[in-house]
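Here is a request from a learner: please explain how to read the main features of a structure, one at a time.

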Protein chains: 2
Amino acid sequence: MNNNLTLSQDALIQALGRQSAFWGLGRTAGEMYAVLYLNSDPVSLEEVAQRLKVTKGNISVAIRQLEQLGMVRRSWQKGDRRVFFEAEVDFWKIAHSVLGLRYKPEFDQSFSLVEESATIAEQAALSAERDMVIERLKSLQEFYRLLDSLVEVVLDMSPGQLKAALEMFKLLSQKDKQG
Amino acid sequence: MNNNLTLSQDALIQALGRQSAFWGLGRTAGEMYAVLYLNSDPVSLEEVAQRLKVTKGNISVAIRQLEQLGMVRRSWQKGDRRVFFEAEVDFWKIAHSVLGLRYKPEFDQSFSLVEESATIAEQAALSAERDMVIERLKSLQEFYRLLDSLVEVVLDMSPGQLKAALEMFKLLSQKDKQG
DNA sequence: TTGCTAGTTTAGAACCTTCTAAACGTATTA
DNA sequence: TAATACGTTTAGAAGGTTCTAAACTAGCAA
């Protein structure tokens, strides 16, 4: 690999490391993914560790998370006892998986607490305060449902379909603004 | 405030505390918001601290973040030297603000690193590897643009418009599946 | 059979984030 | 004027997360 490709990979490692840390997956997760994504061939555990300058132990533990999210696959090569990893390159597939396994459960858990909150409020003695609380919780429930619905619809489309739909909405939006 | 309303608030504090922690805003931020959201009247700093069983110092620092995100407003009452807080209750407004002040900058920074990565790769010596890297980075750039576009279009709509659009897509989706 | 390699596992070190305690500054009250 | 109340600020304690070092396990090579 020549120098510019190494530098290019460095930039991507940095980009995905920050994104991953920001979204709560940990910096190393995004960095590992970046290393694998820009390699056409599967990469051994030791090579990943060397590339990122961390221990094999760290990679061994951390990459399991990426496997569970379907972002990375483990493979073996005939005549070689090492394990190799390669990146899942279909971002839509990854999005489905990450949303389904990480974000949806969290969302559902909070949503059910909000519903519980509303149920308890409805059992409170009649008062203006009670009414306001119920109203507030209803608004919040509606917002949650809207977000849920949005994610559902978007994930039900292919990237191409989504792109087409967005372009249509942009056109409609411009038409609205012109009168 | 009677017992069921307190319990109701407890559940919401828990719900929003977890969501907030999960999305990287810190548990206390979500908890504070929950306290304020379910109070029709502005709440003093000390009351928030008592309700959450933390120190005033902690609230004093943490609530500044919520103010900056436009999720909470500071107010004063004639004849009372305490400061009071109230929640912004328009979730759409909050979403605009949080996305714009928190998520967008992070996204843009990563995106520009991805673009830099692509630029550097294009300066590499011609090779099959170079071509693959460039292709991979293009895919990633496209995905980033698609997400950015989605957020832009969604935030350009009112909640009602979004709801209507989603219902339309669900209908189309069912129609597709029926043949 | 012994030595080496590769990956796994885990206690604890290192680092990061969140919170407290207390000092501080300001304004009001007695 | 002194005491009190309110909120702010910050050093460091406490808690949580990430990583290392080293022991362990398993398989292969000499």
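What follows is a dialogue on a predicted model, taking up the protein chains, the two DNA strands and the salt bridges.

Q: What kind of model is this?

A: It is a predicted model.

Q: How are chain B and chain A related, in terms of a turn and a shift along the axis?

A: A turn of 180° with a shift of 0.0 Å along the axis lays chain B on chain A, and the RMSD is then 0.0 Å. That is the relation of a two-fold axis.

Q: Which surface does each copy use to meet the other?

A: The copies meet through the same surface, because 100% of the interface residues of chain B are also interface residues in chain A. Counted by residue, 65 of chain B are in contact with 66 of chain A.

Q: How much area do chain B and chain A bury between them?

A: The general idea comes before the case. Interface size is often given as the accessible area lost when the parts come together. Here chain B and chain A bury about 6000 Å² between them, and 68% of this is on carbon and sulfur atoms. Of the area that chain B buries against chain A, 10% is supplied by F22(B), R136(B) and L146(B), more than any other three residues.

Q: What is the count of salt bridges and of residue pairs in polar contact between chain B and chain A?

A: There are 2 salt bridges between chain B and chain A. In one salt bridge, the side chains of R18(A) and E106(B) meet at 3.0 Å, N to O. The count of residue pairs in polar contact between the two chains is 20, with both residues at pLDDT 80 or more.

Q: Which elements of chain B supply the side that touches chain A?

A: At least two residues each come from α1 (3–22), α5 (91–122), α6 (128–156) and α7 (159–178) of chain B. With 17 residues, α6(B) gives the most to that side. By class, the side of chain B that touches chain A holds 39 nonpolar, 15 polar and 11 charged residues.

Q: How many residues surround DNA strand C, and which are the closest?

A: DNA strand C is surrounded by 16 residues, the closest being S60(A), R64(A), R81(A), V83(A) and T28(B). By class, the surface near this strand has 4 nonpolar, 5 polar and 7 charged residues.

Q: Which parts of DNA strand C lie within 4 Å of the protein?

A: Sugar or phosphate accounts for 75% of the atoms of DNA strand C within 4 Å of the protein, and bases for the rest. Individual contacts give examples. A phosphate oxygen of DNA strand C lies 2.8 Å from a backbone N or O atom of V83(A). In T28(B), an N or O atom of the side chain is 2.8 Å from a phosphate oxygen of the strand. For N58(B), a polar side-chain atom lies 3.4 Å from a phosphate oxygen of DNA strand C.

Q: Which elements give two or more residues to the surface near DNA strand C?

A: They are α3 (45–52), α4 (56–68) and β3 (80–87) of chain A. The most, 5 residues, comes from α4(A).

Q: Which residues come nearest to DNA strand D?

A: Of the 17 residues around DNA strand D, the nearest are T28(A), S60(B), R64(B), R81(B) and V83(B). Sugar and phosphate make up 71% of the atoms of this strand that come within 4 Å of the protein. The side chain of S60(B) has an N or O atom 2.3 Å from a phosphate oxygen of DNA strand D. R81(B) has a polar side-chain atom 2.6 Å from a sugar or linking oxygen of the strand, while a backbone N or O atom of V83(B) lies 2.7 Å from a phosphate oxygen.

Q: Which element gives the largest share of the surface near DNA strand D?

A: That is α4(B), with 5 residues. By class, the surface near DNA strand D has 4 nonpolar, 6 polar and 7 charged residues.

Q: How many salt bridges does the structure hold over all chains?

A: The structure holds 24 salt bridges over all chains. One of them joins the side chains of R51(A) and D10(A), at 2.8 Å, N to O. R51(A) lies in helix α3 of chain A and D10(A) in helix α1 (residues 3–22) of chain A, so this pair ties together parts 41 residues apart in sequence.

Definitions and conventions:
Residues are numbered from 1 along each chain as its sequence is written. Chains are lettered from A and ligands numbered from 1 in the order in which they are written. This is a predicted model: local features need pLDDT of at least 70, side-chain atom pairs count only at pLDDT 80 or more; totals for chains, interfaces and linings use all residues. Side-chain values use heavy atoms; hydrogens and water are left out. Contact means heavy atoms within 4.5 Å. Buried area is the accessible area (1.4 Å probe) that two parts lose on being put together, summed over both. A salt bridge is a side-chain nitrogen of Lys or Arg within 4 Å of a carboxyl oxygen of Asp or Glu. A polar contact is a pair of N or O atoms within 3.5 Å; within protein, one must be able to donate a hydrogen and the other to accept it, and residues adjacent in sequence count only if both atoms are side-chain atoms. Helices (H or I, at least four residues) and strands (E, at least two) are DSSP runs, numbered from the N terminus. Ala, Val, Leu, Ile, Met, Phe, Trp, Tyr, Cys and Pro count as nonpolar, Asp, Glu, Lys and Arg as charged, and the others, Gly among them, as polar. A residue is near a molecule or strand if one of its heavy atoms lies within 4 Å of it. Copies are superposed by least squares on the C-alpha atoms of residues with pLDDT of at least 70 in both.
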